[in-house]
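User: Please take a close look at one part of this model, and follow its side-chain partners outward into the rest of the chain. A connected account would help more than a list.

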Amino acid sequence: GLFSEATGIEATMTPRTIREGGRNTGALQRVGPVAFGSVTLKRGMTRSSDLWRWLDLVAGRENFGIRLQGQIDVMDGAESNVVASWKLLNVLPIKFKAPDLSATSSQVAVEEVQLVFEDLSRDPT
């Protein structure tokens, strides 16, 4: 699908602090666990119902925990070239929000989709 906004593409590493006896200049800092945010895609358009069916399958526990790979491409102003690309690994949908329905408005097909993921990488473009 095409979305006008994506937020929450983030990774945070929490360092491990190690105090060493006899070291009076401060504690040592070592690499700790990395936590990832949840990505929220807003105001999307798609003819496919795949996002909804995926959430429905996971929530209905028919295919409990089915994880997919995802990619977020950032397009230039003319929407013809990819200027940045992010890959999400082991993605699960946790929220799907449809737009308010009104016969007098032309709302987008998907208001919001929220995803959690286990790994994040950036493709060079």
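Analyst:
**Strand β8 and its partners**

K87 and D123 form a salt bridge in which the closest N and O atoms are 3.7 Å apart. The two residues are 36 apart in sequence, K87 belonging to strand β8 and D123 to strand β10, and the pair thereby links distant parts of the chain. The model is a predicted one, and the values that follow should be read with that in mind. K87 counts as partly exposed at 31% relative accessibility, and D123 is likewise partly exposed, with a relative accessible area of 25%.

Strand β8 also contains N90, whose phi is positive, about 55°, although the residue is not a glycine. Most residues other than glycine have a negative phi. N90 is partly exposed, its relative accessible area being 28%. A second residue of this kind is R43, not a glycine either, with a positive phi near 50°; R43 lies in strand β6 and is partly exposed, at 37% relative accessible area.

Strands β6 and β8 also meet in the account of the interior. The largest nonpolar core comprises 13 residues, and V39, L88, V91, L115 and F117 are those with the most contacts inside it. At least two residues of this core come from each of β6 (38–45), α1 (50–59), β8 (82–97) and β9 (110–116). In soluble globular proteins, nonpolar side chains tend to be buried together. Once neighbours within four places in sequence are set aside, the contacts of V39 include L88, V113, L115 and F117, and also T7, G8, I9 and I72.

F117 leads from the core to the aromatic residues, of which the structure holds 2 pairs. In one of them, the ring centres of F36 and F117 are 5.5 Å apart and the planes meet at 45°, so the pair is tilted. F36 lies in strand β5 and F117 in the loop between β9 and β10 (119–123), so that residues 81 apart in sequence are linked. F117 is buried, since its relative accessible area of 7% falls under the 20% limit, whereas F36, at 24%, is partly exposed. The pair of W52 and F96 brings the account back to strand β8: its geometry is edge-to-face, with 5.3 Å from centre to centre and 65° between the planes. W52 in helix α1 and F96 in strand β8 are 44 residues apart, and this pair too links distant parts of the chain. Both are partly exposed, W52 with a relative accessible area of 42% and F96 at 24%.

Helix α1 has a charged pair of its own, one of the 5 salt bridges in the structure: R53 bonds to D50 with the closest N and O atoms 2.3 Å apart. These two are separated by about one helical turn, because they are 3 residues apart in helix α1. R53 is partly exposed at 46% relative accessible area, and D50 at 45% relative accessibility. A further salt bridge joins R67 to E118, the closest N and O atoms being 3.1 Å apart. R67 is in the loop between α1 and β7 (68–75) and E118 in the loop between β9 and β10, so the pair ties together parts 51 residues apart in sequence. R67 is partly exposed, with a relative accessible area of 36%, as is E118, at 43%.

Key: Residues are numbered from 1 along each chain as its sequence is written. This is a predicted model: local features need pLDDT of at least 70, side-chain atom pairs count only at pLDDT 80 or more; totals for chains, interfaces and linings use all residues. Side-chain values use heavy atoms; hydrogens and water are left out. A nonpolar core is a set of buried Ala, Val, Leu, Ile, Met, Phe, Trp, Tyr and Cys residues joined through side-chain atoms within 4.5 Å. Buried means under 20% relative accessible area, exposed over 50%, partly exposed in between (1.4 Å probe, protein chains only). Helices (H or I, at least four residues) and strands (E, at least two) are DSSP runs, numbered from the N terminus. Contact means heavy atoms within 4.5 Å. Rings of Phe, Tyr and Trp (its six-membered ring) pair if their centres lie within 6.5 Å; planes under 30 degrees apart count as stacked, over 60 as edge-to-face and the rest as tilted. A salt bridge is a side-chain nitrogen of Lys or Arg within 4 Å of a carboxyl oxygen of Asp or Glu.
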